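Look at the structure below. We will follow one helix first, then turn to a pocket.

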Amino acid sequence: MTGSVIIVGIGPGNDYLVTPEVQAAIDQATDVVGYIPYVERIPAREGLTKHASDNRVEIDRSRHALEMATDGKRVVVVSSGDPGVFAMAAAVLEAVEHGEPHWRNLDIQVLPGITAMLAASAACGAPLGHDFCAINLSDNMKPWALIEKRLRLAAEADFAMAFYNPRSKSRPEGFGKALKALREACGDARPMIFARNVSRPDQTIKIVPLTEVTEDMADMRTVVLLGSSQTRIIERDGAPLVYTPRSVEG
C-alpha cells in the first residue's frame, strides 16, 4: 500500500507554533481530515481535499482517513495542540486496533505539536516547572466519579495540574464540581491560571487564588492551570511571573 496516515498537531492557535515537520506533512498531503475549526486553519491549495467533520465523531473520522490511505492517499489528520494529548492520535490507533486487518500495515505516523497547556505555562512563566499532570474535565467519555477521584489524588500528591475542556454550554456544572473537589483537597490559596485563546492576538491570562475562583471564569477556549503548594508568584511591574521550583525540600 502506498498511502499513509500522518496524525499531526497544529499548535494552540498561532501559525508560528506549527512545527516545520508538521508543515511539511501538510504541504505533501492529498487529503486533510479533522474537526471543522482545525481543518479551516489549513489553507486551500490545488491537489488538496479537505474533509471537515463535527465534534464527537473521532472514530468515524479515523476510519475515513484509514480508508483513503488504503486507496493510496497521503492523508493528514489534524488536531489542535499535540495530537497525543486528548486528541486524534489515540482515536486513529483505536480505529486501527478494532478495524480492518490491513490497516495495521499502513504507513502511520504521529508528529508532535505544541499543546495548549505548554503554551499557557510559557505565557505566564513556568507553573508546570516541576511534576505535573493533565486532566480532561469532560465527562463525555468517562464518568464524573473518575474525574473527581483523579483530581483528589493529584492534589494529595501535590502535582501542579493542567485542565482541558473545563466548562461547556452542555455541561456548565462540571467546572464548579471540580473547584469544590480541589478546594477541599488542597485547602489553600494556590494560584489558578486561566489562559484564554492562548498564543492568539486576543490572548488573556488571569491569575486567581483558588479560594477566589468562580466557575464562570473558564470556558471551552480556556486552558486552566493550577499550581502546587510550592508554586510561587513573582510580583513586578506589569504581569507577574508564576513558577514552580524544580527542587522540593526533603
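Start with helix H3. Arg61, Ser62, Ala65, Leu66, Met68 and Ala69 are buried in this helix. They span an arc of only 160° around the axis, which places them on the same side of H3. An α-helix has 3.6 residues a turn, so residues three or four places apart point the same way. Keep in mind that this is a predicted model.

What do the buried residues of H3 pack against? Their partners are strand S1 (4–9), strand S2 (31–35), strand S3 (49–53), S4, H4 and strand S5 (107–111).

Now check the length of the helix. H3 has 13 residues, which at 1.5 Å a residue should span 18 Å. The C-alpha atoms at its ends lie 18 Å apart, so the two values agree. Just after H3 comes glycine 72, with a positive phi of about 95°.

Next, the pocket. The largest pocket holds about 1,600 Å³ of space. Its lining counts 43 residues. Nearest the centre of this pocket are Tyr38, Asn55, Ser80, Phe86 and Asn165.

Which helices and strands each supply at least two residues of that lining? H3 (58–70) is one of them. Helix H2 (36–39), strand S4 (74–79), helix H4 (88–98) and strand S11 (222–226) do so too. H4 gives the most, with four residues. S4 and H4 thus appear twice here: they contact the buried residues of H3, and they help to line the largest pocket.

By class, the lining of the largest pocket is mixed: 18 residues are nonpolar, 15 are polar and 10 are charged.

Technical notes:
Residues numbered from 1 in each chain as written. Predicted model: local features only at pLDDT ≥ 70, side-chain atom pairs only at ≥ 80, totals over all residues. Heavy atoms only, no water. 1 Å grid on protein atoms, 1.4 Å probe; cavity = no way out; pocket = protein on both sides within 12 Å on 5 of 7 lines; lining within 4 Å. Points joined across faces, edges and corners; volume = space filled by probe spheres on them. Nonpolar A, V, L, I, M, F, W, Y, C, P; charged D, E, K, R; others polar. Expected span 1.5 Å × (residues − 1). Buried < 20%, exposed > 50% of the residue type's maximum accessible area, 1.4 Å probe, protein only. Arc of directions from axis to C-beta. Contact = heavy atoms within 4.5 Å.
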